[in-house]
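Visitor: Please take a close look at one side chain and its polar contacts. Then go on from there to the pockets, the cores and the loops.

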Amino acid sequence: MSDTIAIIPARSGSKGVPDKNIKPLGGQPLIAYSIQAGLRAENIDRVIVSTDSESYAAIAKECGAEVPFLRPAEISTDSSTDYEFVKHALDWLMASEEKTPEYIVHLRPSTPLRDPAVVSAAVEAFRKDKEATALRSVHEMSESAYKCFCIESNRLVGLADSSGDLEEANKARQSFPKTYHGNGYVDVLRTEFIVKQGEIHGDRVMAHVTEMTHEVDTETDFDYIIYQITRDQSLVDRLFKI
């Protein structure tokens, strides 16, 4: 049984962009980008796609992934959680192969432009940190979250100062702490923690800072990713070039 398995969730019920996970991007289905990142990462032993769709499964297999099971419809809805598909995969592996991996690498199809070397580095860093419950990738926000606002009774309230006085938010961004946005580049999960605690991330999550990366949720996002690819072919070559 492999020590580290990448699991790529690819349910078929996307509403924002129908069939988003298999939509063509630069000549490849979107899911192929995550599959290749997992296959090319040096310290990932297997790449499994978790999907509820026979047609998605066939495409994933053509792209080089394993699809040893189909995910039940009841945990493949808009409201289904990451924990549900991870637990389902672990339960299947235990029932069918009588062992589970030590680490799960969660690769979301919606973040296609990964560098496999960055994924490998994240796995290696997490393996060395025995106290961390999980690892999540982030990139620095272009504007600190401390300069953002809530709306209360149609009035702006700064996150850094809930009094309603916005002068604090007017300060230069350099005067605020750096804040980070989770970007779906890579999560690394500890199977032992998931089984014991019934959750995937926990309260000691290791940060893995990556380059700024763009997630795909709308048609406009696809257009932007295509623009990035046309500007820098290496973003695709590092995943698909032999």
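Guide: A polar contact here is a pair of N or O atoms within 3.5 Å; within protein, one of them must be able to donate a hydrogen and the other to accept it. The model is predicted, and the side chain to begin with is that of Ser 80. A polar atom of this side chain lies 3.2 Å from the backbone oxygen of Ile 75. The backbone nitrogen of Ser 76 also has a polar atom of the Ser 80 side chain at 3.2 Å. Ser 80 sits in the loop that runs between helix H2 (54-62) and helix H3 (82-97). With residues up to four places away in sequence left out, Ser 80 touches Glu 74 and Ile 75.

Helix H3, at the end of that loop, leads on to the pockets. H3 and strand E9 (180-190) each supply at least two residues of the lining of the largest pocket. E9 gives the most to this lining, with three residues. The largest pocket holds about 510 Å³ of space. Its lining has 26 residues, and those that lie nearest the centre are Pro 9, Arg 11, Lys 20, Asp 82 and Ser 110. By type, the lining divides into 12 polar, nine charged and five nonpolar residues.

The second largest pocket has a volume of about 170 Å³. Helix H5 (residues 191-197) provides the largest share of its lining, four residues. Among the lining residues are Glu 102, Lys 130, Arg 190, Glu 192, Phe 193 and Arg 204. Seven residues of this lining are charged, two are polar and two are nonpolar.

E9 also takes part in the nonpolar interior. The largest nonpolar core has 29 residues, and Ile 35, Val 49, Val 105, Val 119, Val 186 and Val 188 touch the most other members. Two or more residues of this core come from each of strand E1 (4-9), helix H1 (30-40), strand E4 (46-50), H2, strand E5 (103-106), helix H4 (116-128) and E9. H4 gives the most, four residues. Val 188 touches Tyr 103, Ile 104, Val 105, Ala 122, Val 123, Phe 126, Ala 134 and Leu 135, again leaving out residues up to four places away in sequence. Apart from this core lies another, of 14 residues, which include Ile 7, Val 86, Ile 194 and Ile 200.

H1, one of the contributors to the largest core, is largely enclosed by the rest of the structure, because nine of its 11 residues are buried. The buried residues of H1 include Leu 30, Tyr 33, Ser 34, Ile 35, Gln 36 and Gly 38. Asn 43 is placed in the loop between H1 and E4. Asn 43 counts as buried because its relative accessibility is 12%, and the cut-off for buried is under 20%. Leaving out residues up to four places away in sequence, Asn 43 touches Thr 4, Ser 120, Val 123, Glu 124 and Arg 127. Val 123 is thus a contact of Asn 43 and also of Val 188.

A further loop residue has another setting. Ala 172 is found in the loop between strand E8 (155-158) and E9. Its relative accessible area is 48%, so Ala 172 is partly exposed. The C-alpha atoms of Ala 172 and Glu 143 are 9.9 Å apart in space, while the two residues are 29 residues apart in sequence.

Key:
Residues numbered from 1 in each chain as written. Predicted model: local features only at pLDDT ≥ 70, side-chain atom pairs only at ≥ 80, totals over all residues. Heavy atoms only, no water. Contact = heavy atoms within 4.5 Å. 1 Å grid on protein atoms, 1.4 Å probe; cavity = no way out; pocket = protein on both sides within 12 Å on 5 of 7 lines; lining within 4 Å. Points joined across faces, edges and corners; volume = space filled by probe spheres on them. Nonpolar A, V, L, I, M, F, W, Y, C, P; charged D, E, K, R; others polar. Core = buried A, V, L, I, M, F, W, Y, C linked by side-chain atoms within 4.5 Å. Buried < 20%, exposed > 50% of the residue type's maximum accessible area, 1.4 Å probe, protein only.
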